[in-house]
Amino acid sequence: MPAFSLFHYIQFQLQQSYSVNLLSKRSVKMAFPSKEAQIKTFLKSMFDEGLLDCQFTQIQALQDANNPDFVNEVVTLFCTDTERIITEMNKFIKLNSYAVRLTGSSSSIGAARMKAACVDLRRASDDESKERCLQALDAMTREYCLFRNKFHTLMQLDKGFIGMDANQQ
Amino acid sequence: MEVTSCSSKPHVLAVDDNLVDRKLVEMLLKKSSCKVTTAENGLRALEYLGLADEQENALESNESKVSMVITDYCMPGMSGYELLKKIKESSATKEVPVVVVSSENIPTRINKCLEEGAQMFMLKPLKASDVQKLTCHLVN
């Protein structure tokens, strides 16, 4: 049985998301919005969809002229760490401690839906229900891919604008 | 950006096994004008403080004196609680304030740490206002 390949799973998800690029449809009918405006709109939608919570605002606020790439750096660190952990989780060894760890890092970065999915996974693992663990692991992986794909789109725009905006809630 | 002398900035040792949390606490502390050293586990933290078993003189082992330690509670191997105990047991470091952070709000855990001499117990995720609360007392 081939080993689970998170890399291929993510690549597949990315291909799916490129075909539904919400920005390209709008540009046909109206004047092309500035990159800054695109990023603001995109981020707002992530907050509205519950993908991000106010902790992410804390992360944005740490980016400044001295640390112009902080958001990108910490999100990249989070993604690399998470992918490694998800791969290990699929071996079903130390699932509980990995779930605790991932709950912590997704909470620290403000990835709200991912954090909720990790909490479910941890509960399933505490209850020692293999079926629920499989479901919860799958749900959490999907939330991670959604988060990662959104950021991938965002980083393709000018990353200088992802820092804190005074008007942003 | 000018480099200020070591003695004017508080020096904080931040201990956490989680990479993302380490990066976050480091940046939060730097924004609060602290010099930061990070450690990925309790053992590394003890080594830095000069308290590891094979080290004899604590004061010779670090470049600039640590004004505060912030440690995560849940770490593999030595927990934040065990690290707190070791810091408080040594005459060289018992006066150093230790703050314990955790993602879980468990009263028995909190009380245990406070009884052992923790300055404060804070909940994760850490925010700028949390760190400002901790560091405003350190600037002298």
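**Salt bridges, interface and helix packing in a predicted two-chain model**

B:Asp21 and B:Lys124 are both buried. In this predicted model, the two residues form a salt bridge, with the closest N and O atoms 2.6 Å apart. B:Asp21 belongs to helix H1 of chain B, whereas B:Lys124 is found in the loop between strand E5 (120-123) and helix H5 (128-135), so the pair ties together parts of chain B that are 103 residues apart in sequence. The residue that follows B:Lys124 is also notable for its backbone: the peptide bond from B:Lys124 to B:Pro125 is cis, with omega near 5°. B:Pro125 likewise lies in the loop between E5 and H5 of chain B.

Chain B contains five helices and five strands, arranged along the sequence in the pattern β-α-β-α-β-α-β-α-β-α. Of its 140 residues, 51% are buried. When contacts in chain B between residues at least 6 apart in sequence are considered, 61% of them join residues at least 24 apart. A positive phi, near 60°, occurs at B:Ser33, a residue other than glycine. B:Ser33 is located in the loop between H1 and strand E2 (35-39) of chain B. With a relative accessible area of 42%, B:Ser33 is partly exposed.

The interface between the chains involves 16 residues of chain B in contact with 20 residues of chain A. Between them the two chains bury about 1,700 Å², of which 62% is on carbon and sulfur atoms. On the side of chain B, the most area is lost to chain A by B:Val20, B:Lys23 and B:Met27, which together account for 31% of what that side buries. Polar interactions also cross the interface, where four salt bridges are counted between chain B and chain A. One salt bridge joins A:Asp64 to B:Lys31, with the closest N and O atoms 2.7 Å apart. Nine residue pairs are in polar contact between chain B and chain A, both residues of each pair being at pLDDT 80 or more. Helix H1 (residues 19-31) of chain B gives the most to the side that touches chain A, with eight residues. By class, the residues on that side of chain B comprise nine nonpolar, one polar and six charged.

Helix H1 of chain B also takes part in the surroundings of helix H6 of chain A. Helix H6 (residues 95-109) of chain A has 15 residues and reaches 21 Å from its first C-alpha to its last, close to the 21 Å expected at 1.5 Å a residue. H6(A) is mostly covered, with twelve of its 15 residues buried. Among the buried residues are A:Leu95, A:Tyr98, A:Arg101, A:Leu102 and A:Ile109. The buried residues of H6(A) pack against four helices of chain A, namely H4 (54-61), H5 (70-89), H7 (112-126) and H8 (130-156), together with H1 of chain B. Positive phi values occur on either side of this helix. In the loop between H5 and H6 of chain A, A:Lys94 has a phi near 55°, a positive value in a residue other than glycine. A:Lys94 counts as exposed, at 55% relative accessibility. Just after H6(A), A:Gly110 takes a positive phi of about 90°.

Over all chains, the count comes to 22 salt bridges. Within helix H7 of chain A, the side chains of A:Arg122 and A:Asp126 meet in a salt bridge at 3.6 Å, N to O. These two residues are four apart in that helix, about one turn. An α-helix has 3.6 residues a turn, so residues three or four places apart point the same way. A:Arg122 is partly exposed, with a relative accessible area of 27%, and A:Asp126 is likewise partly exposed, at 44% relative accessibility. In chain B, the side chains of B:Arg44 and B:Glu40 meet in a salt bridge at 3.7 Å, N to O. Both partners are partly exposed, B:Arg44 with a relative accessible area of 41% and B:Glu40 with one of 38%. Salt bridges that share partners also join A:Asp81, A:Arg84, A:Arg101 and B:Asp17 into one network. Of these residues, A:Arg101 is one of the buried residues of H6(A).

How values were computed. Residues numbered from 1 in each chain as written. Chains lettered and ligands numbered in written order. Predicted model: local features only at pLDDT ≥ 70, side-chain atom pairs only at ≥ 80, totals over all residues. Heavy atoms only, no water. Contact = heavy atoms within 4.5 Å. Buried area = accessible area lost by both parts, 1.4 Å probe. Polar contact = N/O pair within 3.5 Å; in protein donor to acceptor, adjacent residues only side chain to side chain. Nonpolar A, V, L, I, M, F, W, Y, C, P; charged D, E, K, R; others polar. Expected span 1.5 Å × (residues − 1). Buried < 20%, exposed > 50% of the residue type's maximum accessible area, 1.4 Å probe, protein only.
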